[in-house]
Amino acid sequence: MRRVFSGIQPSGELHLGNYLGAVRNWVELQEQYDCYFCIVDYHAITQDYDAAALPARTFDMAVSLLAAGIDPSHCTLFVQSHVHEHTELAWVFNTVTPLGDLERMTQFKDKSKRQESVLAGLLNYPVLQAADVLLYKADLVPVGEDQVQHIELMREIVRKWNAKFGSDVFPEPEAMVGKARRIIGLDGQAKMSKSLDNTIGLLDTPDQIWERLRPAVTDPARVKRTDPGTPEVCNIYNLHKYFSPSDTVTHVAAQCRSAGWGCIECKRVLADNMERTLTDFRHRAAELRAHRERVHEILDDGARRATAVARETMLEVRRHMGLLDSEQPQTPE
Ligand code: TYM
């Protein structure tokens, strides 16, 4: 069975961007592949963060993923820092990754521009990402468009390491990008992202959804209620495609073009259709929050299963790289 790996930062609850761009695909893939899904807390600490808030953000992400349909009986769900081999393999890959390759990563350039002092962890972020995927020798990596460059670099790292130490140890993973490759935020411009405060949360209540959706940017050419619009340039129309039935989507486009509906009416229909999809997620999340120990058990079990695979890979890596075996007996678990 082919193996899938993907990761997500512990940014608290899921929003429509990371849900539609990645997690919705994970839910489908877990039925057909041997899937590993990881909450990447070591990645989250490469930028300023609140250490006191991180445990809750990681826990909330686990709740969101489970509520969205990630099923621990069909995949392995775990927290990155619970499997120590991730940082070990990252160090190994640092030794075959040219500095120039890291410096030209778009995400690094964007994020480092916004900082006074750029940390080495931010530069090495894609190396850790390569270690995540390759510890499990995954073939496929379902992600949104913004991660494709990191996966290209990952393939480069594999080629370099394999050429130097063992030509058939690591496969070259492939990015799988779905239809929702880049969900735009409520500002109608940038990628939907928690840090830009342009999101709708997957677990938001109907009132919260409406509060966010009502002022969201639509077709800028529709200034007055009677101005006809162009649905193709409107982010609200785009979101309808993910939540409204196809005949409604066609109707929305016609009403926009003829100015039959104003933007508020169009948003009201979207909010109602979103609510139909999201209500189940909210109920499942509430149930999980009432049984916190169950969530911890799932993550512990996931870490155990992931560690078993990760250790095997590291033994192989150590052997190929000439790292001396330890005479110490391994500590029993
Ligand atoms: P992160 O946490 O930023 O995002 C998680 C996943 O959601 C996708 N995504 C989006 N897709 C479409 N539109 C959006 N607005 C949107 N926002 C987020 C992302 O592309 C991603 O697939 N570096 C990764 C985490 C990571 C990882 C890995 C991924 C660490 N190790 C190994 C794959 C394999 C990240 O920051 O994702």
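Here is a walk through this structure, from the confidence of the model to its ligand site, its helices and a few residues in loops.

Let us start with how far the coordinates can be trusted, since this is a predicted model. The mean pLDDT of the protein is 96, and 99% of its residues reach 70 or more. Confidence is lowest in helix α6, residues 106-113, where the mean is still given as 95, and highest in strand β3, at 99.

With that in hand, turn to the ligand. There are 26 residues around the ligand, and Gln9, Tyr125, Asp132, Asp146 and Ile183 come nearest. Which polar atoms of the protein lie close enough to the ligand to pick out? In the side chain of aspartate 132, an N or O atom is 2.6 Å from a nitrogen atom of the ligand. Glycine 144 takes part through its backbone, with an N or O atom 2.9 Å from a ligand oxygen. The side chain of glutamine 147 has an N or O atom 3.0 Å from a nitrogen atom of the ligand. On its own the ligand has 710 Å² of accessible area, and the protein covers 95% of that.

Two of the nearest residues, Tyr125 and Asp132, lead us into helix α8, which spans residues 125-135. How many of the residues of α8 are buried? Eleven of its eleven residues are. The list runs from Tyr125 and Pro126 to Leu134 and Leu135, and includes polar residues such as Gln129 and Asp132. Just after α8, lysine 137 takes a positive phi of about 50 degrees.

Some residues of α8 also meet helix α9, where histidine 150 is found. Is histidine 150 buried or exposed? Its relative accessibility is 3%, so histidine 150 counts as buried. Leaving aside residues up to four places away in sequence, histidine 150 touches Met105, Gln107, Tyr125, Pro126 and Gln129.

Helix α4, residues 85-94, offers another pattern of burial. Its buried residues are Glu85, His86, Leu89, Ala90, Val92 and Phe93. These residues lie on the same side of α4 because they cover an arc of only 160 degrees around the axis. An α-helix has 3.6 residues a turn, so residues three or four places apart point the same way. What do the buried residues of α4 pack against? Their partners are the strands β1 (3-8), β2 (34-39) and β3 (75-79), together with the helices α8, α9 (148-165) and α14 (292-321).

Now for the loops. Aspartate 71 sits in the loop between α3 (54-67) and β3. With 25% relative accessibility, aspartate 71 counts as partly exposed. Its side chain makes a polar contact, at 2.8 Å, with the side chain of serine 73. Between the C-alpha atoms of aspartate 71 and tyrosine 136 there are 19 Å, and along the chain the two are 65 residues apart.

Two further loop residues are worth a look for their backbone angles. Most residues other than glycine have a negative phi. Aspartate 197, in the loop between β5 (174-177) and α10 (206-213), has a positive phi near 50 degrees. Alanine 259, in the loop between α12 (246-257) and α13 (263-289), also has a positive phi, of about 60 degrees. As for accessibility, aspartate 197 counts as exposed at 56%, whereas alanine 259 counts as buried at 13%.

Technical notes: Residues are numbered from 1 along each chain as its sequence is written. This is a predicted model: local features need pLDDT of at least 70, side-chain atom pairs count only at pLDDT 80 or more; totals for chains, interfaces and linings use all residues. Side-chain values use heavy atoms; hydrogens and water are left out. Buried means under 20% relative accessible area, exposed over 50%, partly exposed in between (1.4 Å probe, protein chains only). Helices (H or I, at least four residues) and strands (E, at least two) are DSSP runs, numbered from the N terminus. The arc is that of the directions from the helix axis to the C-beta atoms. Contact means heavy atoms within 4.5 Å. A residue is near a molecule or strand if one of its heavy atoms lies within 4 Å of it. A polar contact is a pair of N or O atoms within 3.5 Å; within protein, one must be able to donate a hydrogen and the other to accept it, and residues adjacent in sequence count only if both atoms are side-chain atoms. Accessible areas come from the Shrake-Rupley method with a 1.4 Å probe; for residues, only the protein chains shown count as cover. pLDDT is the predictor's confidence in each residue, from 0 to 100.
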